[in-house]
Amino acid sequence: MAKTIDQYFDDLRDTRVWRSIFRSGTGSSTLKRALAIQQNVFLHLFSTKVRTRMLSLSATWYLGTLTLGTFVILVATGIPLMFYYHPSVPQAYADTKDLQFVVSSGLFLRNLHRWSAHAMVFLVFAHMFKVFYRGAYRAPREFNWVIGVILLLITLLLSYTGYLLPWDQLAYWAITVGSNIASAVPLIGDKIHFLLLGGNAVNANALLRFYVLHCMILPLAAMFFVAVHFWRIRKDGGLYSHASEPATLRAQTAGDSAAAAKEAQ
Amino acid sequence: MKEKLRSLWQKLFGDSVRAFGVVSFIFLVSLAVAPAKNYFSEWRHYQHGYLRMIRNRSDANTLQRHFRGGIQQIWLPELDVVDRCTSCHVGLKEATLADVAVQPFRTHPVIPHKLDQFGCTICHRGQGAATTVAEAHNSTLAWEQPILPARYIESSCGECHRGPLPGTPVLNQGRNLLSRYGCVHCHTVKLPDGSTMKATDDPPSLSHIADKTTREWIFAWLKDPQAYASTATMPNFKLTDDDTRDISAFLIANSAPLPGDTIALSTKASSDATAGPSLYGESFCASCHAVQNAAGNLVGGDVGPELTRVGNKVKPEWLQAWLRNPRTYDPPTGMPHYRFNDAQIATLSPFLLAKTDSDLLANVHLDAATPEQIAHGKRLVSDYGCASCHEIAGIKKPEAFAPELSHIGSKPITQLIFLPGMPHTLPDYIAGKIKQPRAFSPGLKMPQYSFTPAQIDALTTALLSLNDRSNTLPPSLAVAAIPESDYEPAGKAGKLMSDLACFSCHRINGHGGDMAPDLTWEGSSVQREWLVRFLKNPGTLRPSLIRRMPRFNLTDSEANELTDYIMTVYQSPAVDRDSMPLSGYSPGQVELGKQLFYGKYACQGCHIVNGNHDKGYIGPTLTQVGSRLTAAWIYQWMKDPQALRPGTTEPNRAMSDEDARVLTAFLMMQKSGAKQEVAKK
């Protein structure tokens, strides 16, 4: 009888190379499967066990996962975009023109980056609304909500810093307006404005600053907080479901016992 | 139907594996759009078209060899040029493709520049970096400058070439119009070399206007200057009757009499009806002034004002004083001081005063001005910026009365307000503003000019050349204009020369007009006796030109004074006047020169030495050249005419010293006296 695909995979998992990489070993027992998650540096952030119903669309609408998906697209398209881009005046604008007209599929790359960025901002908000209206921010998940707010800010800052990089009129004036809003802060507003732009007006320094923020600092910060965010999901008891919350369960139990008591009477 | 759809849904998305497969397939197809779009690009389409087109041509092999596929670009970092136009315009450099009707494959017309040195967008504007037709040619949200319409193309020449060029008539005309129509009185135009464009229209002072003309004429003139003279450069301010009445009241009230600018003549005019016209002709008034003839055509020059209806304008006493000496009324005027005697003035002025148009002032009836009207008139004169052009006693010339135009050719479209229905481009905006300035907003003060469409195009061209690039050009690329020098001759002779307004027509040391020959080296060129004679009674030198040098009635001492000055000061360092004798050449030399003249060099093609058989009329007549020019000048002229007078049509024949010497000998024998002797015999 011919081997099934699963059997080929089992053979692969038994090889020495595989075993040297994945410590958990083979086998489909609950322990082995839990170990496979727990002992992987990437996967160990996630819960070792998830209820099947939490994977249905209605539970989360996959909003968090989709947000992560757009983030991955943004990193994947952002890196090749960096190959073609000089954060200098006025070469930055010429580079965006080259991406549009000369680089193979450059326009596709740029548009994918741009639309994913828009989608990410939208998804982050949708994710927060869902969490808010479902009450998933409540104990014990308060801190993960705070992490989420930080991630919202990072997302918005990524979007804002990326807006300057094409160095066109839209970018220039958007950042001029945006940074002037910052200078409305009482007392230290002008200092913030100066710090943000590396000068008193949007120019080469601002472009370089925004480039470094957009391509280095903010993505790293986002990855860091995303890691914490995921880790806290696991630590705070997995994905939120109203039905499985302790309070609901308690109320249910209480309700049941009350009913039982009534019946007993 | 519904059932069918449901079964289709089941087939495609029935279980998760199918759904995954289908979604993956759709995703793959949509991803494939990107490389497909990349491949089926416009420039590749045009390159294929080009290869198909050249296949059947006789020069296919050469063209094929020159062809380079892929995106082409001209990159000029110092000019900030990245032009990819040649990706589609493949045949631009192929001279043999001039006959191709299909664009973008035709060759570029012959121009003095190499495409590789300047690219395309320097002249044509548009977005050079683009590789699609729409983005490259038309203005989009991400590019300010669409392609420049061909009729304004010379504006791009003007970015580097600050002076006039033979190949850019439209640009030259536009620049002249900016100066001549006084645009730069109100609009400051700073040129890239740091200078400011100057007006050449010389608007008259209005401080003594009541001596010269009447309030009725001022009224008619202000209402419509072109009704008085079609060539008037004064624009129409579209004033109401009341405003015109008040401005004329103010100007008359504000005018102060000037001593000596009106005279009453005791001499009576001669009764001969032809005396006036013939004096007008003899004095060559028409060299500068035009008059409309019966057919409605203008006859005469455009240096001075048109005189068709001058009788409606000037007062007789003023005209007489003006003819006697125009410098009394207007010291810097370009009109020469003719030194007419009273009899001549009495002859000329009635002739001029008879040039009237009975319709012009027929309907102008003005009551005596009230103080309120005068005050209102003064306010209007300030509001309309009259003093930007005219000197008016008691009113200061306004500073920066109208917007500066030094960078108008780069004005962002976002800063323009267009009229409804007008194409949203900068050239259309500029042309529209010149054509109908008041249409853009009711409160605007810019007056209505009566330019022809060609003049509007020329002005637009000149204004478009005033842009950011022309102001930030690398100095190595800028071709400076020859600056107009402010040369003024010194001393008594200098005074005489400005009194005679020599510089209205002649150019000396880079200063003056271009109607008559440049006199910078006149002292090396001519003989003293001839010059004295010429100044006293000028004649023409060239058969193809009408004589235009007027007779100024100079006294002997004035003629000698002027001649001495010219002979001493206007000498060329290249010509030593005394290095060759004026006469005494051997007959052998003269005969040899004659043979060269008629044989080897065929000078008679352009010049006349013997009026009986020579037919040349391009160059000056040489029948008396031996009495006119110095031998040294003739010799040097033969050797290299362009060195003595740049731009002259006389060809450089690269003569040997010996040829030049014998030709000089021959020409020096052509003396006025010699001819008379022949006649006597």
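This tour proceeds from chain B as a whole to its domains, its nonpolar cores, one loop residue and the contact with chain A. The model is predicted.

**Chain B as a whole**

Select chain B and display it as a cartoon. Its secondary structure comprises 32 helices and six strands. Aligned along the principal axes, the C-alpha atoms of chain B occupy a box of roughly 125 × 85 × 45 Å. The radius of gyration of chain B is 34 Å, whereas a compact globule of 681 residues would have a value near 26 Å. Of the 681 residues, 31% count as buried. Among contacts in chain B between residues at least 6 apart in sequence, 66% join residues at least 24 apart.

**The domains**

Next, colour chain B by domain. The assignment gives domain 1 (2-39), domain 2 (42-147), domain 3 (159-200 + 402-472), domain 4 (209-378), domain 5 (491-569) and domain 6 (577-680). Select domain 3 and domain 5 of chain B together: their centres, taken over C-alpha atoms, are separated by 38 Å.

**The nonpolar cores**

Now select B:Ile634, B:Leu663 and B:Leu667, which have the most contacts inside the largest nonpolar core, a set of 30 residues. Extend the selection to helices H25 (528-536), H26 (556-569), H27 (587-598), H29 (631-639) and H31 (657-668) of chain B, each of which supplies at least two residues of this core. Where does this core lie relative to domain 5 and domain 6 of chain B? Both domain 5 (491-569) and domain 6 (577-680) give residues to the core, so it lies between them.

Centre the view on B:Leu667. Setting aside neighbours within four places in sequence, B:Leu667 is in contact with B:Leu622, B:Val625, B:Gly626 and B:Ile634. Apart from this core lies another, of 25 residues, and B:Val170, B:Cys183, B:Leu405 and B:Ile434 are among them.

**A loop residue**

Move to B:Asp576, located in the loop between H26 and H27 of chain B. Is B:Asp576 buried or partly exposed? B:Asp576 counts as partly exposed because it has 14 C-beta neighbours inside 10 Å, where 20 or more would be required for a buried residue. Draw a distance from B:Asp576 to B:Leu622: the two are 46 residues apart in sequence and 22 Å apart in space, C-alpha to C-alpha.

**The contact with chain A**

Finally, display both chains and select the contact, formed by 10 residues from chain B and nine residues from chain A. On the side of chain B that touches chain A, helix H2 (residues 16-39) gives the most, with three residues. Coloured by class, that side of chain B shows seven nonpolar, two polar and one charged residues.

Key. Residues are numbered from 1 along each chain as its sequence is written. Chains are lettered from A and ligands numbered from 1 in the order in which they are written. This is a predicted model: local features need pLDDT of at least 70, side-chain atom pairs count only at pLDDT 80 or more; totals for chains, interfaces and linings use all residues. Two residues are in contact if their C-beta atoms, placed from the backbone, lie within 7 Å. Helices (H or I, at least four residues) and strands (E, at least two) are DSSP runs, numbered from the N terminus. Ala, Val, Leu, Ile, Met, Phe, Trp, Tyr, Cys and Pro count as nonpolar, Asp, Glu, Lys and Arg as charged, and the others, Gly among them, as polar. A nonpolar core is a set of buried Ala, Val, Leu, Ile, Met, Phe, Trp, Tyr and Cys residues joined through C-beta atoms within 7 Å. A residue is buried if 20 or more other C-beta atoms lie within 10 Å of its own, exposed if 12 or fewer, and partly exposed in between; C-beta atoms are placed from the backbone. Domain bounds come from an automatic or database domain assignment. The radius of gyration is taken over C-alpha atoms; the globule rule is 2.2 Å times the number of residues to the power 0.38.
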